[in-house]
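Please open the structure in your viewer and keep a selection panel at hand. The stops below say what to select next and what is to be found there.

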Amino acid sequence: SHSPSAVHSPNPSQYTPPASNTPRQSTGSTSTVQQQSAHHQAPPSRPRASSGPLSVQDLNQRTTAPETTNTIVSGDYKISYAYVSQRGYYPDALHKPNQDAFVCKPHFHEQDSFFGVFDGHGTTGELCAQYARDVVPSILQQNLARKVDIKQALIRAHIDTNTMIHTAHFDDSMSGTTAISVLFHGNEIHVSNVGDSRAIIAQEIASADGKPPQLVAKALSIDQTPFRKDERERVKKTGARIMTVDQLEGYEPLHENWGLTLGDEIDESGDPPRIWHPHGDYPGTAFTRSIGDHVSEELGVFAEPEIVTKTLSPHDKFIVIASDGVFEFLTSQAVVNMVKAYRDPLDACRAVVEESYNRWLQFEVRTDDITCIVLHVEPNVVVKPKPSKLHGRNSIIAGHEVLVAMQDSLRPVRGLGVDMNKSWRSRDTIIGGFDTARMSMATEDTASALLLSPSAEYDVKKHVVPKTEAELALLKRMVKNNFLFSHLTDDKLHDVLSVMQKQAVAAGDVVIRQHDDGDRFYLVDAGQFDVRVLEAPAADAAATYDLDATYGPVVHSYVASENTHPTFGELALMYSKPRAATVIAQTAGTLWTIDRLAFRSILVRRPLRNVVQRLRNLAFLRPLTVAQLNLLAEEMKEQVVPKGTVLLTEGDRGDTFYLVVQGTVAVSSTRDPSAASIVHAHECFGDFVLQDDHDGISPYTATATADATECLCISRAVFEATLGKLSLVAEKNNDRRARKSLATRTKQSTPIEGVVVLANHPKPELELLVNVNQLKVGPTLVADHVATTRLAQFEATTLTLRSISKQTVLTSNMKQQLLGEQDMYVALGRDQAGLAPLHGVTQTDMDLHAVFSTPYVGVLDDMATFPLPSEADIQFYAAQLLLSLQLLHAEGILVRSLDPTHLLVDATGNLAVFGLNMSKYIGAGRTFTICGNPEYLAPEQINGQGQSLVTDYWGLGVLLYELLVGVTPFAQHNKDELAMFNGIVSFSPASLTFPPSASTAIKTLIQALLQPKPAARLGAVDCFKKTFVECVVPQHAFFQGVAWAQLNQTKAPLEAQASAKWQQLQAAWSNDATLDLGVPYTGEAKWMADF
């Protein structure tokens, strides 16, 4: 790789930039697109909608776009192109200039064309971007005119521009720009990249099963960020430090696994890794190459571009060049999917920019500058393959080694969520996701920007919208009876109402669109809003403005009056779900609105991160995981005392540990005067009460010596109820870390298709199973949109194999869930009764496989007819599940999968929880991700109080009712989730109806398990018991007579059905079965290395 000093340094006088180096419209200065005329505010060809703080008129004023699409010819191809650039929205800087610049030069040099996007950053970012936009193509043109090789001409153009920008009239010491460009040279394209803007190409891939070919996004550039190991190692050689902001400030342990799960070690997502000076907290750049950024050059941030050269082929359909304002929340494939829906590149650009804008506002209160160039590629003639240096459809001539870096380079796309639509009885199982980057520098997955788990960093004060007392009183009345708000405490309701935004709408405005991902809830203050449902898209709907044809007929209207204020969009505050209808303003009106991020972040209200960090800095607490420290911080109580207050007295028994938050505390001892000291903020005292070998007698007196001394405190009893004895917790954590470290080392040394054994005591008969190809694949047990579960054979042993395509993991962002599942199995360290035993994991080029050492025959929903024949049968399976729950809860694991589609029956009729991909370690704490079958959700999941271990007992109660009655208590609403959730949060156990033959014991058990208040629910105290004999639920009258110790040796009620199914499965084995699921993987190989 070139260093800047090794390349020709131009004389700045050789090139004089245009006189207009002051802020101006960021648009290409070309023979066909002039700077001023390019800014066009006529109504766009596709209707534009606004759901954010800016009106359509405001957005048009911020947008630069041509009047029409332009067309050129390059070699054998016709190139139709258009561009759109939209200035960002910053509430605190409404007039901040667009720091994106772009250039479209269709007649650049001889027959060549040049297109590029430059994304500025820093205080003079717009000047840096405009300078690079003008200078890079000018120097490139000069180099090409001198017959310099194209690659060298591109390298020199970028490096020389970087040298010259240092002497420009503006300061680039902490400002600069990215640069992504495509040079068309006949049938070849040359892509140059500096920074983290991006170029992609949509390529047609034929389907092997006769289905229509698919358009797949292929990278033409690589984001140059510290996420890339090669770039990271390069800059580290200069002495640079690579850390996130949290790591720099000590809030997060040092690691280089950003954006990926680290099991118990890290309990929340982090901000991007950045480059820092070895002796200072600057410059903090999140990229490794740029033009400008003079201060960063000594840390290895330079302007040499990575170049990819490709020959166009008939399979190439269009190219997209865009700033990271597009790719922050959209994957490359998502952009391709949008662009392919439009024949006109201008419409495609507008769609991408509009969607990007909406995604930003879905997660933040601001938006970045957003620029997109779309170039459609069509053969002008029948293009015949030419024998040349091309190999295969990708036709990459040069730079392939750059694209190989894709395997571990891409920064995570923010806001990814999971949308897997696992159907059961016409209902979708909600599977929680996580956001890969913290919102508002900005969990629990996922896709296409669906936030399922809120941000702990949401600051209510920064988002308050001023309201009059009358408005607040009105809002309280409007939400009084809504199930999402009626359970909120006064302070949380006040915060929710405080951040609500008032939105004025005009007649005809589209408020929400059918099938769009919803994340916003609306209160109708004034006006009429029509609800329209389109059963099937009309073929010519896009060409008409007929509302019925475009959006469907009106099925309902929301009309506000003095005493009536309807609401819509409730489900969007719970989890991401496509809108079921379009809502259009029939008249001018007013709405109050709040998004999911704000609503759920207020509900979460987790402890401040600096408290967790203060605890982590205490040496005796360092063995605790971050998750455990969060639990500890939640339980600590605030205590503010006046000067002179004695908190501990020497010789007296002490039972409280203190962490000083503000003020000082004097510690003194009559026995040891030399031990006198002052405890300052962030320091602690009373830690002796947590030590196992201490008698609890205070060795000193502790007295507050400052006015209003503030401490956080916790008693030993509460500490041990939350985490257990400190010494035992530390010992267990160290054991877990050792097992996890061993598993990680094994994965690193195991080749692809090798089996990584995760079982603590693997079965002897599986000792020789070292490669997945040793397995013979058998019949399928169950398959859904996510996984396929089959029988498999190794020698004479039958196993269960769960397979998930890597493509599904990639597109649904399931990686953290699957890695978390592995971590929990490793943490358990032993097989659990009632839990499918995981032997190991393996992978092929296309799929991920989990090998379970027990053979299963099907899910409970398929194996049994509900209701079960007798209460004895229900008792048996309830007892099995209780054993499983107690053992998992003792390890702090919330199960969340006790419905009949997630429970498998083995060949002997016994029941087991299959896998932990929906489970989570929460200890004595809570989690707020909406996850599970809708009919099995507990009230605390819906009303935002968060799930704890006792939530599983609600699920058990719903299951037992279904086994007894045949349907769940909420089955009547299974086609109306809103009604269902209303029914769950307002549920009373007294409303349950039972068969006349039901015993008092089973009725009282189910009613006790279905107590809406978690603290009153049967099982609440069992969650913190470490042994089964201490638990209350097994002592209920319904379980009288159960031989718990012999339960697994007792004949299972479904043994006959399981045996019959086993025989059917044995007859269904075929030599034609293949291991792989047949779904090609288009992602990076190293992204899957952690499996």
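Before the first selection, bear in mind that this is a predicted model.

**First stop: a four-stranded sheet**

Begin by selecting strand E24, residues 528–532, together with strand E27, residues 582–585, which run antiparallel and are joined by four bridges. If you label Arg-532, its bridge partner in E27 is Thr-582. Now widen the selection to the open sheet that contains them, whose four strands follow the order E22-E27-E24-E25 with antiparallel pairing. At its edges stand strand E22 (510–512) and strand E25 (554–559), and because each of them has a single partner strand, one side of each is left without a neighbour in the sheet. Looking across this sheet, you will find that neighbouring strands are turned against each other by 30 degrees on average, with direction ignored.

**Second stop: helix H12**

Select residues 490–499, which make up helix H12; seven of its ten residues are buried, so the helix is largely enclosed by the rest of the structure. The buried residues in H12 are Lys-492, Leu-493, Asp-495, Val-496, Leu-497, Ser-498 and Val-499.

**Third stop: charged side chains**

Side chains of opposite charge can pair when their charged atoms come close. Counting such contacts here gives 20 salt bridges, and a few of them are worth displaying as sticks. Start with Arg-133 and Asp-134, whose closest N and O atoms are 3.0 Å apart in a salt bridge; both Arg-133 and Asp-134 are buried.

Move on to Arg-228 and Glu-306, a salt bridge in which the closest N and O atoms are 2.8 Å apart. This pair links distant parts of the chain, 78 residues apart, since Arg-228 belongs to the loop between strand E10 (214–219) and helix H4 (229–236), whereas Glu-306 belongs to strand E15 (residues 306–311). Both Arg-228 and Glu-306 are buried.

Next, select Glu-231 and Arg-234, which form a salt bridge with their closest N and O atoms 2.9 Å apart. Both residues lie in helix H4, three residues apart, or about one turn of the helix, and both Glu-231 and Arg-234 are buried. Which residues are linked with these in a network of salt bridges? Select Arg-228, Asp-230, Glu-231, Arg-234, Arg-289 and Glu-306 together to display the linked network.

**Fourth stop: a six-stranded sheet**

Turn to the open sheet whose six strands have the order E37-E41-E42-E40-E39-E38, again with antiparallel pairing. Its edge strands are strand E37 (756–757) and strand E38 (776–783), each of which pairs on one side only. Within this sheet, select strand E39 (residues 787–794) and strand E40 (residues 797–805), which pair in the antiparallel sense over eight bridges, and note that Phe-794 stands opposite Thr-797 in E40. Then add helix H20 (residues 815–828), which packs on the sheet by touching E40, strand E41 (838–843) and strand E42 (847–852), its direction making about 145 degrees with that of E40.

Is E42 largely enclosed or largely open? Six of its six residues are buried, so E42 is largely enclosed by the rest of the structure. Both of its faces are covered, with Asp-847, His-849 and Val-851 buried on one side and Leu-848, Ala-850 and Phe-852 buried on the other. E42 pairs with E40 in the antiparallel sense over six bridges, where Arg-802 stands opposite Ala-850. E42 also pairs antiparallel with E41, over five bridges, and here Leu-838 stands opposite Phe-852; E41 and E42 form a hairpin with three residues between them.

**Fifth stop: two crossing helices**

Select helix H24 (residues 951–965) and helix H26 (residues 1000–1009), whose axes come within 8 Å and cross at roughly 145 degrees. The crossing of H24 past H26 is left-handed. On the H24 side the contact is made by Tyr-953, Trp-954, Leu-956, Gly-957, Leu-960, Tyr-961 and Leu-964, and on the H26 side by Ile-1002, Leu-1005, Ile-1006 and Leu-1009. Of these contact residues ten are nonpolar, one is polar and none is charged.

**Last stop: Ala-1067**

Finish by selecting Ala-1067, found in helix H27 (residues 1055–1067). Ala-1067 is exposed, with a relative accessible area of 69%. Adding Pro-779 to the selection shows two C-alpha atoms separated by 9.2 Å, although the residues are 288 apart along the chain.

Note on methods. Residues numbered from 1 in each chain as written. Predicted model: local features only at pLDDT ≥ 70, side-chain atom pairs only at ≥ 80, totals over all residues. Heavy atoms only, no water. Pairing = 2+ DSSP bridges. Helix = DSSP H or I, 4+ residues; strand = E, 2+ residues; numbered from the N terminus. Axes fitted to C-alpha atoms, helices over the stretch in contact; angles between N-to-C directions. Salt bridge = Lys/Arg side-chain N within 4 Å of Asp/Glu carboxyl O. Buried < 20%, exposed > 50% of the residue type's maximum accessible area, 1.4 Å probe, protein only. Left-handed = near helix turned anticlockwise from the far one by under 90°. Contact = heavy atoms within 4.5 Å. Nonpolar A, V, L, I, M, F, W, Y, C, P; charged D, E, K, R; others polar.
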